[in-house]
Amino acid sequence: MSKPLEIIAETAAPDVSTPEARISLEGFRELLDRLHPFAAVLGIEILDIQYGQATLRLPPSPANQRLGGIVAGPMLMGLADLALYAAVVGATGVAESVTASLTINFLRGAPAGGIIAQARILKTGRMTAGEALLLPEGGGDPVAQVVSTWSVPRTAA
């Protein structure tokens with residue numbers, strides 16, 4: 001298996017005054033295709049990756065809904081986890097990072113339709129922490145709030 005970090009756009013530490021994402025949007029999409037093909041099952045669109053931030057979209061689909069016409073919780077959890085992974089890789093450049101914990105607070109039913117995930121990293125290090133808000137694409141209050149920690153392995157220098 002080839003090294004996941006081969007597609008990381010920048011390997012040097014980012015300039016603290018204007019940090020740039022450690023992976024490009026296209027690089028992240030390639031990383032998912034090559035190393036995480038299960039991500040395609042959810043049909044999630046990667047809209048933006050910045051240093052420590054990511055925006056993703058779960059498109060509307062009847063397959064994402066549960067009884068009552070709301071978006072199913074497992075779909076929202078998958079969206080949040082993938083958005084946080086994108087933000088972690090954007091901040092650290094470490095594709096081998098894995099979820100250590102994920103807590104989701106469902107705030108209200110997610111109406112049928114697209115859901116936007118806005119993820120941001122709060123702390124980087126061997127244990128990286130972040131949060132995500134899940135919002136109806138059509139506007140309105142958040143449907144879920146997520147807090148997550150990630151194990152970021154040391155990479156060979």
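## Strands, salt bridges and a loop

Strand β6 (residues 144-151) runs antiparallel to β5, and 8 bridges join the two. Strands count as paired when DSSP finds at least two bridges between them. Helices (H or I, at least four residues) and strands (E, at least two) are DSSP runs, numbered from the N terminus.

This is a predicted model, where local features need pLDDT of at least 70 and side-chain atom pairs count only at pLDDT 80 or more, while totals for chains, interfaces and linings use all residues. Residues are numbered from 1 along each chain as its sequence is written, and side-chain values use heavy atoms, with hydrogens and water left out.

**Exercise 1. Sketch the fold of the protein chain and say how much of it is buried.**

- Step 1: Count the elements, which come to 2 helices and 6 strands.
- Step 2: Put them in sequence order, and you get α-β-β-α-β-β-β-β.
- Step 3: Of the 157 residues, 41% are buried. Buried means under 20% relative accessible area, exposed over 50%, and partly exposed in between (1.4 Å probe, protein chains only).
- Step 4: Look at contacts (heavy atoms within 4.5 Å). Among those between residues at least 6 apart in sequence, 63% join residues at least 24 apart.

**Exercise 2. Work out how β4 and β5 pair, and what sits in the turn between them.**

- Step 1: Find β4 at residues 115-123 and β5 at residues 127-136; they pair in the antiparallel sense over 8 bridges.
- Step 2: Check the register: A119 has A132 of β5 as its bridge partner.
- Step 3: Now the turn. The two strands make a hairpin with 3 residues between them, and G125 there has a positive phi of about 155°.
- Step 4: Go over to the β6 side, where L133 stands opposite Q145.

**Exercise 3. Which residue pairs with R120 in a salt bridge, and how exposed is each partner?**

- Step 1: Fix the criterion: a side-chain nitrogen of Lys or Arg within 4 Å of a carboxyl oxygen of Asp or Glu. Side chains of opposite charge can pair when their charged atoms come close.
- Step 2: The partner is E131, with the closest N and O atoms 2.5 Å apart.
- Step 3: R120 is in β4 and E131 in β5, so the salt bridge ties together parts that are 11 residues apart in sequence.
- Step 4: R120 is partly exposed at 43% relative accessibility, and E131 is partly exposed at 23%.

**Exercise 4. Track down further salt bridges among the 4 in the structure.**

- Step 1: Try E26 and R29, whose side chains meet at 4.0 Å, N to O. Both lie in helix α1 (residues 25-35), 3 residues apart, or about one turn of the helix.
- Step 2: Next comes E45 with R57, closest N and O atoms 3.0 Å apart. This pair links distant parts of the chain, with E45 in β1 (residues 45-50) and R57 in β2 (residues 53-58), 12 residues apart.
- Step 3: Compare the ends: E45 is partly exposed at 32%, whereas R57 counts as buried at 16%.
- Step 4: Widen the view, and E45, R57 and E137 turn out to be linked in a network of salt bridges.

**Exercise 5. Where does T124 lie, and which residues does it touch?**

- Step 1: T124 lies in the loop between β4 and β5, and at 40% relative accessibility T124 is partly exposed.
- Step 2: Leaving out residues up to four places away in sequence, T124 touches A91 and T92.
- Step 3: Finish with G52: it is 72 residues from T124 in sequence, but 8.7 Å away in space, C-alpha to C-alpha.
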